[in-house]
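Let's take a walk through this one together, starting with a single helix and working outward from there. Keep the viewer open as you read.

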Amino acid sequence: MSTHVNFRSINQLAIPATISGIAEPLLSITDTAIVGNIPVDGLESLAAAGIVGSFLSMLIWVLGQTRSAISAIISQYLGAGKLDEVKNLPAQAIFFNILLSVVILVSTIFIVEDIFKLFEASGKILDYCISYYSIRVWGFPLTLFTFAIFGIFRGLQNTFYPMVIAMIGAGLNILLDFILVYGVEGYIPAMYLEGAAWASLIAQGTMAVLALILLLKKTEISMKLVFPLNKEIKRLILMSLNLFVRTAALNAALMLAVREATILGDRFIGAHTIAVNLWLFAAFFIDGYAAAGNSMGGRLLGASDYNGLWKLAKTIFKYGMVVSLILMLSGFIFYRPIGRLFSNETIVLQTFYSIFYIVILGLPMNTIAFIFDGLFKGLGEMKYLRNVLLSATFLGFIPVLYLGKFLGWGFYAIWIAFVVWMMIRGFALVWKFRQKFRPLVQNA
């Protein structure tokens, strides 16, 4: 099976995964760019979109980890030639995941003002956060449902259908953003920030419907909930719980960064919103090769092909680094026009430009972390991923953030902390992979 680890087989998964992976940050980037240029209260709207977007991303990332667990199990059973044994697992996993998401959704509605006060939002920004969130939040279970189906397709070594769904969703969101935010004279009134929320919600609903249709039409996976529970449900739950904890720690870092930027002032949260959206866009761009590692890694492990697994890790690392270097070069060349896409506020742009070089220079380290993160998910190493993220956050990111704050580094402290955070994650994953799989390759 190692002969299939080549440029063509990897890119058949990686390129569609890259396109589908950037859909979610593209939705946020579109909202950020369009909202940042609203003629009325553009700065306040931009800040609110950034705060709400960060909070919703936290919820989606925490509960959306079932996608990786489903993908890992399906790909491993596919590699072992035993896919029939887990055909009823996805429906059970998705049902419980969506049920949990609805409980969380309903519970947050009653404390939404208190939630955004924790981010130091107040006055007009707080009001905008509440109105924006009250619409966007209903897309939460829809996105989780879509993500879970993407995980099924990924486990089946198919990233093409998720790409198609994501492209349609992103395109629809961009079109609706322009129509609903700015309005159409004589037909649709300008809804400003709430228009951006409705655009995202409609796009998320469309993607969920398309994902369900393609799953039922193009695979043998059933969405009918049947009992008894699959024998792998316990492992899936344990993997998901480890990823929940891991992602909670990940989002603790992201939320602290938003909170500290908000404390610094409106121009800093505006600049941080632009920077973090671009950071996430680059992350998901690189994540295409992580997705290939996820899909192929699980299948190779299921087939006990350790030589192929070792070759896969080296190859996707090399391709990922090429992509990150291209992104770095593009960032250095186009950073000023990129900034102007998101805001027309000079003070926000000056603040953004002052730290963007840190974002750019950190991309190679991000690549190492993201590539091996995806590979480890495919291998089912969720416990180790959890421990790495906890260590990176509580022994790296948080100490550096508050040390920098104490030393008066201001806005720079946030992004220096991000660099340290990614360094710890990347080096820890590379070390573990070499320790575990090099002996297996030598003995194969």
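## Starting at helix H7

In H7, the buried residues are Ile125, Leu126, Cys129, Ser131, Tyr132, Tyr133, Ile135 and Arg136. Bear in mind that you're looking at a predicted model. The helix itself covers residues 123-136, 14 residues in total. From first C-alpha to last, H7 reaches 20 Å, close to the 20 Å expected at 1.5 Å a residue.

Another spot to look at is glycine 205, which sits in helix H10 (residues 193-218). Glycine 205 has a relative accessible area of 18%, so it counts as buried, the cut-off being under 20%. Now pick out glycine 139: it lies 66 residues from glycine 205 in sequence, yet their C-alpha atoms are 6.9 Å apart in space.

Next, the nonpolar core. Which residues touch the most other members of the largest one? They are Phe116, Phe397, Trp415, Trp421 and Phe433, out of 146 residues in that core. Helix H12 (residues 266-302) gives the most to this core, supplying 16 residues. Zoom in on phenylalanine 433 and leave aside its neighbours within four places in sequence: what remains in contact with it is Leu309, Trp310, Ala313, Phe372, Leu375, Phe376, Leu379 and Arg438.

Not everything nonpolar is tucked away, though. A nonpolar surface patch of about 1,200 Å² is built from Leu329, Phe332, Ile333, Phe334, Tyr357, Leu361, Leu403, Phe406, Leu407, Trp409 and Tyr412. Three helices each supply at least two of the patch residues: H13 (306-342), H14 (346-361) and H16 (382-406). Of these, H13 has the largest share, with 4 residues. For a single member to inspect, try tyrosine 357, found in H14. Its relative accessibility is 40%, so tyrosine 357 counts as partly exposed.

That leaves the charged side chains. Side chains of opposite charge can pair when their charged atoms come close. How many salt bridges does a search of the whole structure find? The count is 10.

Take glutamate 113 and lysine 117 to begin with, whose side chains meet at 3.3 Å, N to O. They are about one helical turn apart, because 4 residues separate them in helix H6 (residues 112-117). Both ends of this pair are partly exposed, glutamate 113 at 37% relative accessible area and lysine 117 at 42%.

Lysine 377 and aspartate 373 make another salt bridge, at 3.4 Å, N to O. Again the partners are about one helical turn apart, because they sit 4 residues from each other, here in helix H15 (residues 363-379). Are these two buried or exposed? Lysine 377 is buried, and aspartate 373 is buried too.

Elsewhere, salt bridges with shared partners join Asp84, Lys87 and Glu220 into one network. Within it, the side chains of lysine 87 and aspartate 84 meet at 3.2 Å, N to O. Their surroundings can be read from the accessibilities: lysine 87 is partly exposed at 23%, while aspartate 84, at 62%, counts as exposed because the cut-off for that class is over 50%.

Note on methods: Residues are numbered from 1 along each chain as its sequence is written. This is a predicted model: local features need pLDDT of at least 70, side-chain atom pairs count only at pLDDT 80 or more; totals for chains, interfaces and linings use all residues. Side-chain values use heavy atoms; hydrogens and water are left out. A nonpolar core is a set of buried Ala, Val, Leu, Ile, Met, Phe, Trp, Tyr and Cys residues joined through side-chain atoms within 4.5 Å. Buried means under 20% relative accessible area, exposed over 50%, partly exposed in between (1.4 Å probe, protein chains only). Contact means heavy atoms within 4.5 Å. Patches are made of residues with over 30% relative accessible area and no salt bridge: like charges are joined within 9 Å, nonpolar side chains (Val, Leu, Ile, Met, Phe, Trp, Tyr) within 5 Å. Accessible areas come from the Shrake-Rupley method with a 1.4 Å probe; for residues, only the protein chains shown count as cover. A salt bridge is a side-chain nitrogen of Lys or Arg within 4 Å of a carboxyl oxygen of Asp or Glu. The expected span of a helix is 1.5 Å times one less than its number of residues.
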